[in-house]
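This report looks at charged side chains, at how they pair, and at where like charges gather on the surface. Please keep the sequence and the model in view while reading.

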Amino acid sequence: MGRAFEFRKERKFKRWSKMSKVFTRLGKEIVTAVKVGGPDPDSNPKLRTVMQNAKGAAMPKDRIEAAIKRASNKDQSNYEEVVYEGYAPHGVAILVEASTDNINRTVANVRHYFTKGGGSLGTSGSVSFMFDHKAVFRFPKGEYDMEELELELIDFGLEDIDENEGEIFIYTEFEDFGNMQKALEDKNIEVTSADFQRFPTTTVELTEEQEEEVNKMIERMEDDDDVNNVYHNIA
């Protein structure tokens, strides 16, 4: 996963530095989780995961509790999770994950970003086949032995394990998220974040100027409050 992973992580942390946007996104995820499974994290694994992610992002406890309370209000709008696919200039595949309470607004904005950037919004399935959908868990390395962890977790869907800057990253197939989440909880491993990411199966080489052009389009998308993640297949 190498350079592509490092590039995505760098961009993700750069975007996450805009804390107000991070907290807004996490608040939406909390609302969605509560609407689906209720306000008790002990019986709602999705909410438990989002709360872990919120804690890892340093979201204040009172904001987490306020989001749960707000979600329990019947008048609170729910958020729909949607995926948009298309192409940036130079044949770069783009996949946009968003959560919104107004589909018309979001699709209009995303189409505008594609058009303004010289790309085009495609139909469902037009580029998603170029990405593997993985579950990614992150937690401090501490005293854990990488080889022992690998052996202990392989029966729960472990595909890959990596260490970077004092943190361990666990990768599984999308479908094995629940199995791995439970296994880590049973081992009392305090996860910093648990989410889904998409990794390109094929990549395209660009010149520095071309990559800068595509990155400008991606950054406009990432600045949209409805957009959670933008994935691409630049090498």
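Is Glu-190 buried or exposed? In this predicted model, Glu-190 counts as exposed, because its relative accessibility is 54%, above the cut-off of 50%.

**Salt bridges**

Side chains of opposite charge can pair when their charged atoms come close. In this model the count comes to 13 salt bridges, and three of the pairs are set out below.

| Pair | Closest N to O distance |
|---|---|
| Glu-29 and Arg-25 | 2.6 Å |
| Lys-55 and Glu-190 | 2.9 Å |
| Lys-134 and Glu-159 | 2.6 Å |

Glu-190 has Lys-55 as a salt-bridge partner, with 2.9 Å between the closest N and O atoms. This pair links distant parts of the chain, since Lys-55 belongs to helix α3 (residues 45–56) whereas Glu-190 sits in the loop between α7 (177–186) and β7 (193–200), and the two are 135 residues apart. Lys-55, like its partner, counts as exposed, because its relative accessibility of 58% is over 50%.

The bridge between Lys-134 and Glu-159, with its closest N and O atoms 2.6 Å apart, joins two strands. Lys-134 lies in strand β4 (residues 131–140) and Glu-159 in strand β5, so the pair ties together parts that are 25 residues apart in sequence. Lys-134 is buried, because its relative accessible area is 7%, which is under 20%, whereas Glu-159 counts as partly exposed at 41% relative accessibility.

The salt bridge of Glu-29 with Arg-25, at 2.6 Å from N to O, is set within one helix: both residues lie in helix α2 (residues 19–37), 4 residues apart, which is about one turn of the helix. Arg-25 counts as buried, because its relative accessibility is 9%, again under 20%. Salt bridges also form a network, in which Lys-28, Asp-101, Arg-105 and Asp-226 are linked.

**A patch of like charge**

Which residues gather in a patch of negative charge on the surface? They are Asp-145, Glu-147, Glu-148, Glu-150 and Asp-160. Helix α6 (residues 146–153) gives the most to this negative patch, with 3 residues, while Asp-160 lies in strand β5 (residues 158–164). Asp-160 counts as partly exposed, because its relative accessibility of 33% falls between the limits of 20% and 50%. Strand β5 thus holds Asp-160 of the patch, and it also holds Glu-159, the partner of Lys-134 from strand β4.

Methods: Residues numbered from 1 in each chain as written. Predicted model: local features only at pLDDT ≥ 70, side-chain atom pairs only at ≥ 80, totals over all residues. Heavy atoms only, no water. Patch = residues over 30% accessible without salt bridge, like charges linked within 9 Å, V, L, I, M, F, W, Y side chains within 5 Å. Areas by Shrake-Rupley, 256 points an atom, 1.4 Å probe, with all protein chains shown as cover. Salt bridge = Lys/Arg side-chain N within 4 Å of Asp/Glu carboxyl O. Lys, Arg positive; Asp, Glu negative; His and termini not counted. Charge placed at Lys NZ, Arg CZ, Asp CG, Glu CD. Buried < 20%, exposed > 50% of the residue type's maximum accessible area, 1.4 Å probe, protein only.
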